[in-house]
Amino acid sequence: MKLIETSEARLGVPLDYAKKIAATKTSLFLRYAKIFRFLNPNKNVPPLAYHCARIRGALSADCGTCVQAELNLAEQASIADDVRTAILQGRYDELPKDIVAVARLADAVTSQHMDCPEARADVVQAYGEAGLIELSFAMNGAALLPGIKRAMGFATSCDIDAMQKIAS
């Protein structure tokens with residue numbers, strides 16, 4: 001399917017599970033595609049905040065390929081290498097205060113399944129309620145997609161090299 005091939009080229013990772021969905025039933029693939037349309041618009045926060053939320057959300061799902069896709073998208077959005085690495089490795093002392101708040105909120109919500117009122121307040125102060133909502137979509141959406149992949153048995157295609165970069 002051309003749409004999947006285009007997405008693979010943009011993301012820089014294989015989407016074998018999406019191909020499986022499309023091959024199984026078109027209506028299921030169309031439902032899956034709605035998730036991407038829901039997640040992708042970024043109209044209320046700067047690219048750095050948006051991609052920080054997405055990277056930290058993907059990390060919480062522990063899927064190297066998914067993290068790599070988020071890193072590739074952040075690179076396409078001109079997020080600097082050192083900033084992407086700091087977000088990836090949780091080196092928050094190297095990030096601006098508003099981005100630290102995004103990262104802390106994403107970690108609390110997607111990794112720890114907890115609330116973080118202080119980080120949320122900082123996010124609202126920096127980006128407003130609309131920004132908070134958009135970042136909520138971004139972080140949770142990035143954590144959701146690896147779960148779909150894992151449930152379908154495609155977790156074996158996770159990229160070990162990408163996960164090793166995280167550990168370094």
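Here is a short conversation about helix α7, the nonpolar cores and a surface patch in this predicted model.

Visitor: How far does helix α7 reach from its first C-alpha to its last?

Guide: Happy to start there! Helix α7 covers residues 97-111, which makes 15 residues. At 1.5 Å a residue, 21 Å would be expected. The helix comes close to that, with a reach of 20 Å.

Visitor: Which helices do the buried residues of α7 pack against?

Guide: Let's look at the helix itself before its partners. Its buried residues include Ile99, Val100, Val102, Leu105 and Asp107. The buried residues of α7 pack against α4 (47-60) and α8 (117-151).

Visitor: Which residues touch the most other members of the largest nonpolar core?

Guide: This core has 35 residues, and α4, α5 (64-76), α6 (81-89), α7 and α8 each supply at least two of them. Leu135 gives a good view of the contacts: leaving out residues up to four places away in sequence, it touches Val45, Ala49, Tyr50, Ala53, Val102, Val123 and Tyr127. Another core, of 16 residues, lies apart from this one and has Leu11, Ile21, Tyr32 and Leu73 among its members. Back in the largest core, the residues that touch the most other members are Val102, Val123, Tyr127 and Leu135.

Visitor: Is Phe38 buried or partly exposed?

Guide: Phe38 is found in helix α3 (residues 26-39). Together with Ile133 and Phe137, Phe38 forms a nonpolar patch on the surface, with about 280 Å² of accessible area for the three together. Buried would need a relative accessible area under 20%. Because its own value is 46%, Phe38 is partly exposed.

Note on methods: Residues are numbered from 1 along each chain as its sequence is written. This is a predicted model: local features need pLDDT of at least 70, side-chain atom pairs count only at pLDDT 80 or more; totals for chains, interfaces and linings use all residues. Side-chain values use heavy atoms; hydrogens and water are left out. Helices (H or I, at least four residues) and strands (E, at least two) are DSSP runs, numbered from the N terminus. The expected span of a helix is 1.5 Å times one less than its number of residues. Buried means under 20% relative accessible area, exposed over 50%, partly exposed in between (1.4 Å probe, protein chains only). Contact means heavy atoms within 4.5 Å. Patches are made of residues with over 30% relative accessible area and no salt bridge: like charges are joined within 9 Å, nonpolar side chains (Val, Leu, Ile, Met, Phe, Trp, Tyr) within 5 Å. Accessible areas come from the Shrake-Rupley method with a 1.4 Å probe; for residues, only the protein chains shown count as cover. A salt bridge is a side-chain nitrogen of Lys or Arg within 4 Å of a carboxyl oxygen of Asp or Glu. A nonpolar core is a set of buried Ala, Val, Leu, Ile, Met, Phe, Trp, Tyr and Cys residues joined through side-chain atoms within 4.5 Å.
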